[in-house]
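Work through the exercises below with the structure open. Try each task before you read its solution.

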Amino acid sequence: MTPRMSLDDVFLLLQSWLDRLVRRLRLGRAPTPGRRRLLVVQIDGLSRAVLERALAHGRMPFLKRLLERSGHRLVPMSVGLPTSTAAFQMAAMYGVRPDIPGFHYHDKRRRADVYFPRGGDAAWVEARHADGRRGIVAGGSTYGCVFTGGAANNLFNLATLKRPTGAGLIQTLSAAVVLLWVVIKSAIVSTIAIGRALLGFLADPVDAPRHWKLLVIKVAVSVWVRELFTLSASRDLYNGVPAVYVNYLDYDIVAHAYGPRDRRALRSLRSVDRSIQRLWRTARRVPEHGWDLYVLSDHGQAHCTPFDRLTGGRRLERVLFEDFLTPGGAHEVGPSRPEGRRVAAGIKAIRSGRAPGIVQRFMNYLEDDFPWLLGELKEARESGGVRVIAAGPNAFVYFLDQAEPLRLEDIEARFPALAEELSRNRGVGFVLARTGGGPVCFWRGKRYRLDELGEGPFTGRDDLALVARGIGDLMAMPSAGDLVIYGLQAPGGHVSYVAEIGAHAGPSVEEMQTFVVAPPGVALPGPLTHALQLYPHFARYQEAA
Ligand SMILES: [Zn+2]
């Protein structure tokens, strides 16, 4: 694979030359060569099984060649629970055991929800967990991640999305040459995509609105954002920044909408593959910087049925309050903190049409099909001191009068046989609770200890010990609900409590088992059974700096 010059490279070389010039004039010396540098490419949401299928079917030809000819190897990884980007990145970037039970949860001690897309929440969680530890991306760049990992420069990370650091935004945007090229190229690619879509609409006018929405997402995330990430990261590679962590979200987003094995999701892997190839070529062009390329995934996805399809439109929160908790008394609640109110006001501005035109339109399209991309808390309900949050294929029930997690005995004193009854619902797989003797799992109305899981919901799993450990870890998190409800393994197949076909957070094989593509000559700790194990390995690149 000899590096070949493309138009991208011409722009990047020009930009790199300008950067060096600026540095010489004002900012001192260039980064010191002579050590290995960490480049992590995360393909969000891609399970090992789907990756292997994509490789076998020629959907990721570059990655395949990398594995066959360049000495990179595919190492299996099981990621622990919950299977979500935030928990994974916290463990891998800082080496701390996360108290992050899902993508949306409640912190009883702080009396506030944590909802990652909402401004400030990710930054707060990161500061609290990191607690002064050095992240694996310290001094480098992160793109598309939940957390910064200590990066000096970051773009479109949830931790800084609503209030980006001056450095993060200005440095990246000031790379005018790169940006200009992204604009030109993305505009061309967008035009082609829209042209093709128009032909498709003519052929299939009935389904056109649905396709149009996917097209908007595709063009925004899969063309503009991916281009910006790839070119900005390439610029970092040329410049030899200390470390780079890029997260490509394309596959995860499409898989949420259509399912992890849908052809539209698989097709998005092709463009991600091309982006990885460009990063690789760039890295090879500057051997003096010693880039080590890792390609990994944070979790997979399970194919689900949305819960409200089973209940004639009733969401889980409603079913819980109406049928199990406080009949008739529930009401929707909004964010309780001032930040929450400010974001809510921002969303109101968008809804009422006071946001700029294109943003407004984009948000309107997102609102129906992709509510989790917006900072709204639709999936939370509270009544009579009980708060219910639906986060994905998982939901949390919190009893708010007590700041510490409530034990099953105390829950049953209020609502006898609640967990048992819930686990018999046809939209519920299993229900987790804490007892004096450790966590327990209710499945189809029966109670199992962690050492009995093989007789219950997880019969026949080779990785039973990892499932039990993951559930133990999850229920040890103070912020996990007093009851944790999973829709996975429900009687009629996996169920999610939000509007999505692909879902993740739970212990199914396809969610837990992912991979790391490791460069030649490095010894990963093995077997990889938790994201925490990646930290010391990746942190060594920082120590060598
Ligand atoms: Zn996801």
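**Exercise 1: a residue in helix 8**

Ala233 is buried, because its relative accessible area is 0%. Buried means under 20% relative accessible area, exposed over 50%, and partly exposed in between (1.4 Å probe, protein chains only).

Before going on, note that this is a predicted model: local features need pLDDT of at least 70, side-chain atom pairs count only at pLDDT 80 or more, and totals for chains, interfaces and linings use all residues. Residues are numbered from 1 along each chain as its sequence is written, and side-chain values use heavy atoms, with hydrogens and water left out.

Task: Place Ala233 in its helix, then find how far it is from Thr142.

Solution:
- Step 1. Ala233 sits in helix 8, residues 208-239. Helices (H or I, at least four residues) and strands (E, at least two) are DSSP runs, numbered from the N terminus.
- Step 2. Along the sequence, 91 residues separate Ala233 and Thr142. In space, their C-alpha atoms are 8.4 Å apart.

**Exercise 2: another residue of helix 8**

Task: Is Trp224 buried or partly exposed?

Solution:
- Step 1. Find Trp224 in helix 8.
- Step 2. Trp224 counts as partly exposed because its relative accessibility is 33%.
- Step 3. Now look at Lys185. It is 39 residues from Trp224 in sequence, and 8.9 Å away from C-alpha to C-alpha.

**Exercise 3: a histidine and its contact**

Task: With which side chain does the side chain of His537 make a polar contact?

Solution:
- Step 1. Go to helix 18, residues 534-543, which holds His537.
- Step 2. His537 has 6% relative accessibility, so it counts as buried.
- Step 3. The partner is the side chain of Tyr294, at 2.7 Å. A polar contact is a pair of N or O atoms within 3.5 Å; within protein, one must be able to donate a hydrogen and the other to accept it, and residues adjacent in sequence count only if both atoms are side-chain atoms.

**Exercise 4: the zinc ion**

Task: Which protein atoms are the donors of the zinc ion?

Solution:
- Step 1. Donors are N, O and S atoms within 2.8 Å of the metal (3.2 Å for Na, K and Ca); water is not among the atoms, so sites may look incomplete.
- Step 2. Asp252 gives two OD atoms, while His256 and His504 each give NE2. These donors lie 2.1 to 2.8 Å from the zinc ion.
- Step 3. Their spacing along the chain is D-x3-H-x247-H.
- Step 4. Asp252 in helix 9 (residues 250-258) and His504, in the loop between strand 20 (502-503) and helix 17 (509-512), link distant parts of the chain, 252 residues apart.
- Step 5. Both Asp252 and His504 are buried.
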